[in-house]
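Reader: Show me the structure, please. Then I will ask what stands behind each label.

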Amino acid sequence: AEVPTAGLCLTVHDSVMIECDEDDAVRVAKILKRVMLRFDLGDVPLAVEIKKGQRWGSMEVMAPETYAE
């Protein structure tokens with residue numbers, strides 16, 4: 001595994017929840033973005049929005065430049 005502290009917690013429709021150490025959040029975000037954008041849906045554009053927080057209801061959107069490659 002690229003990030004041993006990261007693990008899948010939940011999937012809901014087109015969302016995934018990953019748990020990881022705070023120190024690994026940006027690294028995990030970069031990996032998630034790369035994986036999510038791998039899929040080719042033809043002319044359908046894919047957008048990735050990554051949020052971070054301690055609880056589902058208190059998550060905040062991470063600035064895309066934070067996890068840009």
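Author: The questions below go from the whole chain to single residues. This is a predicted model, where local features need pLDDT of at least 70, side-chain atom pairs count only at pLDDT 80 or more, and totals for chains, interfaces and linings use all residues. Residues are numbered from 1 along each chain as its sequence is written, and side-chain values use heavy atoms, with hydrogens and water left out.

Reader: What makes up the pattern of the protein chain along the sequence?

Author: The order is β-β-α-β-β. That is one helix and four strands. Helices (H or I, at least four residues) and strands (E, at least two) are DSSP runs, numbered from the N terminus.

Reader: How do you know whether the radius of gyration of the protein chain agrees with a compact globule?

Author: The rule is 2.2 Å times the number of residues to the power 0.38, with the radius taken over C-alpha atoms. For 69 residues it gives a value near 11 Å. The protein chain has 12 Å, so the two agree. Its C-alpha atoms fill a box of roughly 35 × 25 × 25 Å along the principal axes.

Reader: How many of the 69 residues count as buried?

Author: The share is 14%. Buried means under 20% relative accessible area, exposed means over 50%, and partly exposed lies in between (1.4 Å probe, protein chains only).

Reader: Why is valine 12 called partly exposed?

Author: Its relative accessible area is 34%. That lies between the limits of 20% and 50%, so the label is partly exposed. Valine 12 is found in strand β1.

Reader: What makes β1 and β2 a pair?

Author: Two strands pair if DSSP finds at least two bridges between them. Strand β1 (residues 7-12) and strand β2 (residues 15-19) are joined by five, so they pair. They run antiparallel. Threonine 11 has valine 16 in β2 as its bridge partner. The hairpin has two residues between the strands, and histidine 13 takes a positive phi near 50° there.

Reader: Why does methionine 36 count as partly exposed?

Author: Its relative accessibility is 33%, so it falls between the same limits of 20% and 50%. Methionine 36 lies in helix α1 (residues 25-36).

Reader: Which residues make the nonpolar surface patch?

Author: Val35, Met36, Leu37, Phe39, Leu41, Val44 and Leu46 make it, with about 600 Å². Patch residues have over 30% relative accessible area and no salt bridge (a side-chain nitrogen of Lys or Arg within 4 Å of a carboxyl oxygen of Asp or Glu). Nonpolar side chains (Val, Leu, Ile, Met, Phe, Trp, Tyr) are joined within 5 Å, like charges within 9 Å. Methionine 36, at 33%, passes the 30% limit. Areas come from the Shrake-Rupley method with a 1.4 Å probe; for residues, only the protein chains shown count as cover.
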